[in-house]
Amino acid sequence: MSPNTVATAAPWLGVPADHPFGIATLPYGVFTTTDLPDRRRIGVRIGDRVLDLRAAVEAAGAPAADLHPLVAGPTLAAMLAAAPSDWARLRAWITTQLGDDKARGLVEPFLLGCSEVTLLLPVEIGDYVDYYASAHHGSNVGKIFRPESPALPVNWKHLPIGYHGRSGTVVVTGTDFHRPSGQRKGPQDPAPVFGPSIRLDIEAELGYLVGGATRLGQRLSVDDAGSRLFGVVILNDWSARDIQAWEYVPLGPYLGKSFCTSISGWVTPLAALDAAHIELPRDGDDPEVLPYLRGTGTSPTGSGGTAYGLDVHVEVRVNGTVVARPEYRDMYWSPAQMLAHMTVNGASVRPGDLFGSGTISGPEKGQRGSLLELSWGGSEPFALDDGSSRTYLLDGDEVVMTAWAPGPGGSRVGLGEVAGRVLPTA
Ligand code: CA
């Protein structure tokens, strides 16, 4: 195939060229079906169908036998632990099978409809870190929470700020959760009170699943990090702002964020986002970053080369109303820089570690990825299509985040969706 030829799904599959889950996307997920609820299987999505990968690889026999360990299941753990060359080999095999009408006999028996499967957490999440990589989000939060201080902390453009979160409460799309309770104390309150959060919020983010392991003491460079980033999920970092505001000084987020973090069930391989690479936003006033945050071909301020941004377009809906369209191109730090920073002190990583980008917010009001920013600290309610208004979430509210990126030859790469609903306090 010449470099200018764009692969398309085999005609018999009937996947339109502009489908966000065409052959350029091919995300992985773990699913069950109602007839086999205990059998967790790895699937790859094509159009509105899911290919049972293990079954297809087994049917292919000896020529695909070396791929079997990657797709045997019951989670993506073995795939994440494998080498990037294995990831490429598996993706190439799938692309061939789904791009060739002659493979119909092999593939067709193992295709299910998306509506027939229930997506599960794709892998047991190892360590979970959440970053804070949007300058617009950081400065908006600074203005709302700390109006007397500079909007961005002095360290912000020198290192990607993050905190360690709670991996055991990372859940897959479709998982509803109870409104958290906790302590809160407003500036004018004489004493803290306990009760259900009254400022329950969202944060629209991308999450990165790490592949491969490192030893204690081993650092990953920005260049190395690129090959350790297996895939991307959409991530909703549910946040209780009232709990957070009272507890976060001086050690950062704790119970205001640890009750639930939702991710999409489909994991988009980084390889599907090659056409979405862009330079990070930098201007002449931005400081040089330390050498460990630069990759090959990276400018002194840390953009370009292996420190690339991603042109991902995100949409956030509350009860069906689009409330924000954040642009990932506005993020200051690249995923490779974030992974390099995570290991620069010698901390090891394991397959299945997850890190979030931080809330994706842009310069425009309609690009703010949290309700805290959309309602400006609760002072500016926004309208939903049903005539109601919101500052923060009410019980019963459902939040759905979707995203897409440019693919090869003008195609679109869809990033699945992450949905969740707020239940009353348990
Ligand atoms: Ca966050």
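Start with the whole chain: 10 helices and 26 strands. Helices (H or I, at least four residues) and strands (E, at least two) are DSSP runs, numbered from the N terminus. This is a predicted model, in which local features need pLDDT of at least 70 and side-chain atom pairs count only at pLDDT 80 or more, while totals for chains, interfaces and linings use all residues. Residues are numbered from 1 along each chain as its sequence is written, and side-chain values use heavy atoms, with hydrogens and water left out.

**Stop 1: the whole chain**

Show the C-alpha trace. Along its principal axes it spans about 70 × 50 × 40 Å. The radius of gyration is 22 Å, which agrees with the value near 22 Å for a compact globule of 426 residues. That radius is taken over C-alpha atoms, and the globule rule is 2.2 Å times the number of residues to the power 0.38.

Now turn on the surface. About 17,600 Å² is accessible, and carbon and sulfur atoms own 54% of that. These areas come from the Shrake-Rupley method with a 1.4 Å probe; for residues, only the protein chains shown count as cover. Of the 426 residues, 55% count as buried. Buried means under 20% relative accessible area, exposed over 50%, and partly exposed in between.

Look at contacts next (heavy atoms within 4.5 Å). Among those between residues at least 6 apart in sequence, 72% join residues at least 24 apart.

**Stop 2: the charges**

Colour the charged side chains. There are 34 positive and 46 negative ones, and the centres of the two sets lie 2 Å apart. Lys and Arg count as positive, Asp and Glu as negative; His and the chain ends are not counted. Each charge is placed at NZ of Lys, CZ of Arg, CG of Asp or CD of Glu.

The whole structure holds 21 salt bridges. Each has a side-chain nitrogen of Lys or Arg within 4 Å of a carboxyl oxygen of Asp or Glu.

**Stop 3: Arg-350 and Asp-127**

Select this pair. Their side chains form a salt bridge at 3.0 Å, N to O. The two residues are 223 apart: Arg-350 sits in the loop between helix H9 (335-343) and strand E22 (354-356), Asp-127 in the loop between strand E5 (117-120) and strand E6 (128-131). Arg-350 is partly exposed at 45%. Asp-127 is partly exposed too, at 36%.

**Stop 4: Glu-203 and Arg-241**

Here the closest N and O atoms of the salt bridge are 2.8 Å apart. Glu-203 lies in the loop between strand E12 (200-201) and strand E13 (204-210), and Arg-241 in helix H8 (residues 241-247), 38 residues away. Glu-203 is buried at 5%; Arg-241 is buried at 3%.

Widen the selection to Asp-201, Asp-237 and Lys-257. Together with Glu-203 and Arg-241, they are linked in a network of salt bridges.

**Stop 5: Asp-130**

Select Asp-130 in strand E6. It counts as buried, at 1% relative accessibility. Its C-alpha is 5.6 Å from that of Tyr-163, though the two are 33 residues apart in sequence.

Leave aside its neighbours within four places in sequence. The contacts of Asp-130 then include Glu-203 and Asp-237, along with Ile-161, Gly-162, Glu-205 and Gly-358.

**Stop 6: Glu-315 and Arg-325**

Finish with this salt bridge, 2.9 Å from N to O. Glu-315 is in strand E20 (residues 313-318) and Arg-325 in the loop between strand E21 (321-324) and H9, so the bridge ties together parts 10 residues apart in sequence. Glu-315 is buried at 18%, whereas Arg-325 is partly exposed at 48%.

Key:
Buried < 20%, exposed > 50% of the residue type's maximum accessible area, 1.4 Å probe, protein only.
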